[in-house]
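Please take me through this model in the viewer, stop by stop. Tell me what to select each time and what I will find there.

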Amino acid sequence: MSAADNEFRPSSGSSGSPPLWSIARRSRYALQQGSRVALYTLHSEVMRRMNRRLQKELPETPKVVPEGPLPGQRRMLADIVKLFAEDLKAVENGLYPMPSDGTMTPRELLSTSRAFFRDVPQVARRRAAGAHQEVNEQADGFADALPRYYRQNFHFQTDGWLSQESARLYDFQVDVLFSGATAAMRRRALVPFADILRKKDQRRVAFVDLACGTGGLLHPALAAFPRLRGTGLDLSEPYLNVARERTPSKRASYVTAMAEDLPFADNSLDVVSCVFLFHELPPKIRRQVIAEVARVLKPGGSFLFVDSLQSGDVPEYDGLLSVFPQLFHEPYFTSYLDEDLTDLCANSGLQQQRWMTPAFVSRVVEFVKSS
Ligand SMILES: C[S@@+](CC[C@H](N)C(=O)[O-])C[C@H]1O[C@@H](n2cnc3c(N)ncnc32)[C@H](O)[C@@H]1O
C-alpha cells in the first residue's frame, strides 16, 4: 500500500487545523495538481501539433463535426478548478488523505512521455483508416476467450485492453485527455462512500470495484478507508497486473471476470463501484451489468457510478461529448449519451440517491438497492 495509506487518519474536520498548517496543505495541493495540469496540457498541445502535421500525410482523416455547443478553454479551466476545490475540501474535511496522484520519478516520467509520443502516429494512422480491429488480427488464446464487443482498439489505442504496454500507458493517455483531472474526478465517488462507511464497520464491508482497470479507484479507496478491503474486477489480465503492482495491499484482491456475469453470490456485497465503464459497453451489456449489480448487492447496498457526462447534463458540453467518439474509437459512446440510467437502474431495483453531480466532464451518482 502507498505511504499515504499508512499516514492517513480520518479527522472530523479542518476546524482545529492551525491556519499555517492549512495554508501549507493548500499550497502543496495547488503545487501538485497545478504541475499535473501543466504537464498534461503541455503533452496535449504537443500532440495536437503532431496530429496537425500527421493529418497532412493522412488526408483521409475524417473531419470532426461538433453537434452542439463547445465549452471554451476558460469554461473548462474553471470547471477543473472547481473540481480541485471540491477535492481539496474533502481532504480538509478528513474524508480522504492528501492525494499522491500518479507520482512518477523523472526517469519514469521521461520513459512514459516517450512511449506516449511514440504511440501518437499509430493512433493517428488508425483513426485515418478507421482501423479498430487490429487486436483481433493479432489475437492469441487469451484474447479469443473474450467477448467480441470487447476485442477492439478502443480509443484507437495500440493493443486495445489486451497488452501490458497498453495498461502501462493508459493512465497517462487519459490524463492528457482530461488535463490531469482524472484522479480527482474518480475521487468524487469517495464522498458518498465515506458517508456510507460512517454508519458501518469498514472491516465488515464487502466492496468490489467493477472494471477497475489499473486500480484508479481501488487504490484511493483503500488509502482513504484504512480498514476497508476491496476487490478489483476487470476483464483485462494485463490491466489487472498493473493494478496489482500499484496496489499490492493485503486488503486488495483481484479477479478476472466480466461485469455482466459477476462471480459473487446474490445479496452479498455492500458497495459496488464502477468508473468509466458504461460508455464502453453495448446497450444490451449495460443492461446486463445493471441487473448483475442489483443481484449481488445486499438490500440497502450502494452502487457508486462515475462516467462521462451525458447529453443535457451540462448543455455547454454537449458539442464536446459529440466530438469524443469522432476522435477516438468509442463505438458505444453515442448510445451511452442518451441512455436513461436512472430509469434503467430503477427497473432493476436500484434507486437513484440524490441528484446527479457533474464533476468536470464526469457525472457521479449513487444508486441504492431497495430493501
Ligand atoms: C476506460 S477503462 C476504466 C478503468 C478504470 N475504472 C478507471 O477508472 O480508469 C475501462 C475498463 O473496463 C474494462 N472492461 C470493459 N468491459 C468490461 C467488462 N464487460 N467486464 C469487465 N471489465 C470490462 C476494461 O478492461 C478496462 O480496464
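Start with helix α9 and show what surrounds its buried residues. They pack against α3, α8 (182–187), α10 (218–224), β4 (269–275), β5 (297–308) and β7 (362–369). To see the buried side, select L190, V191, P192, F193 and L197 within α9, residues 190–198. Keep in mind throughout that this is a predicted model.

**Zoom out**

Show the whole chain as a cartoon. There are 15 helices and seven strands to find. The C-alpha trace spans about 60 × 50 × 40 Å along its principal axes. How does the radius of gyration compare with that of a compact globule? For 371 residues such a globule would come out near 21 Å, and the protein has 20 Å, which agrees.

Colour by burial next. Buried residues are 36% of the 371. Then draw the contacts with a sequence separation of 6 or more. Of these, 74% join residues 24 or more positions apart.

**Helix pairs**

Three pairs come next. Two packed helices are described by the angle between their axes and the distance between the axes.

*α2 and α3.* Select residues 19–57 for α2 and 73–92 for α3. Their axes come within 11 Å and cross at roughly 145°. The crossing is right-handed. Add side chains for R26, Y29, Q33 and V37 in α2. Across from them, show I80, F84, L88 and V91 in α3. By class, this contact has six nonpolar residues, one polar and one charged. An α-helix has 3.6 residues a turn, so residues three or four places apart point the same way. Look along the α2 axis and check this with R26, Y29, Q33 and V37, the residues that meet α3. Recall that α3 is also among the elements packed against the buried residues of α9.

*α4 and α7.* Hide α2 and α3. Select α4, residues 106–129, and α7, residues 164–177. The two pack at an angle of about 75°, with their axes 10 Å apart. Angles of 65 to 115 degrees count as roughly perpendicular, and α4 and α7 are therefore roughly perpendicular to each other. On the α4 side, pick T112, A115, F116 and D119. On the α7 side, pick L169, F172, Q173 and V176. The residues of this contact divide into five nonpolar, two polar and one charged.

*α7 and α11.* Keep α7 on screen and add α11, residues 237–246. Are these two helices parallel, perpendicular or oblique to each other? The axes come within 8 Å and cross at roughly 55°. α7 and α11 are therefore oblique to each other. α7 passes α11 in a right-handed crossing. Here α7 contributes Q164, S166, A167 and R168. α11 contributes P238, Y239, N241 and V242. Sorted by class, the contact has four nonpolar, three polar and one charged residues.

**Into the loops**

Leave the helices and inspect the backbone. Most residues other than glycine have a negative phi, and most peptide bonds are trans. Two residues here have a positive phi without being glycine.

Select H155, in the loop between α6 (141–144) and α7. Its phi is about 65°. Is H155 buried or exposed? H155 is buried, with 23 other C-beta atoms within 10 Å.

Stay in that loop and select Y149. Y149 has 13 other C-beta atoms within 10 Å and is partly exposed. Leaving aside residues up to four places away in sequence, Y149 touches P282 and I285. Now measure to A221 in the viewer. Y149 and A221 are 72 residues apart in sequence, and their C-alpha atoms are 29 Å apart.

Jump to F360, in the loop between β6 (350–359) and β7. Phi of F360 is near 55°. F360 is buried, with 22 other C-beta atoms within 10 Å.

**Last stop**

Select P248, in the loop between α11 and β3 (252–256). How many C-beta neighbours does P248 have inside 10 Å? There are 10, and P248 counts as exposed. Finish with a line from P248 to G72. These residues are 176 apart along the chain, and 41 Å separates their C-alpha atoms.

Definitions and conventions
Residues are numbered from 1 along each chain as its sequence is written. This is a predicted model: local features need pLDDT of at least 70, side-chain atom pairs count only at pLDDT 80 or more; totals for chains, interfaces and linings use all residues. Axes are lines fitted to C-alpha atoms, for helices over the stretch in contact, and angles run from 0 to 180 degrees between N-to-C directions. Helices (H or I, at least four residues) and strands (E, at least two) are DSSP runs, numbered from the N terminus. Angles under 35 degrees count as roughly parallel, over 145 as roughly antiparallel, 65 to 115 as roughly perpendicular and the rest as oblique. Two residues are in contact if their C-beta atoms, placed from the backbone, lie within 7 Å. Ala, Val, Leu, Ile, Met, Phe, Trp, Tyr, Cys and Pro count as nonpolar, Asp, Glu, Lys and Arg as charged, and the others, Gly among them, as polar. A crossing is left-handed if the near helix is turned anticlockwise from the far one by less than a right angle, and right-handed if clockwise. The radius of gyration is taken over C-alpha atoms; the globule rule is 2.2 Å times the number of residues to the power 0.38. A residue is buried if 20 or more other C-beta atoms lie within 10 Å of its own, exposed if 12 or fewer, and partly exposed in between; C-beta atoms are placed from the backbone.
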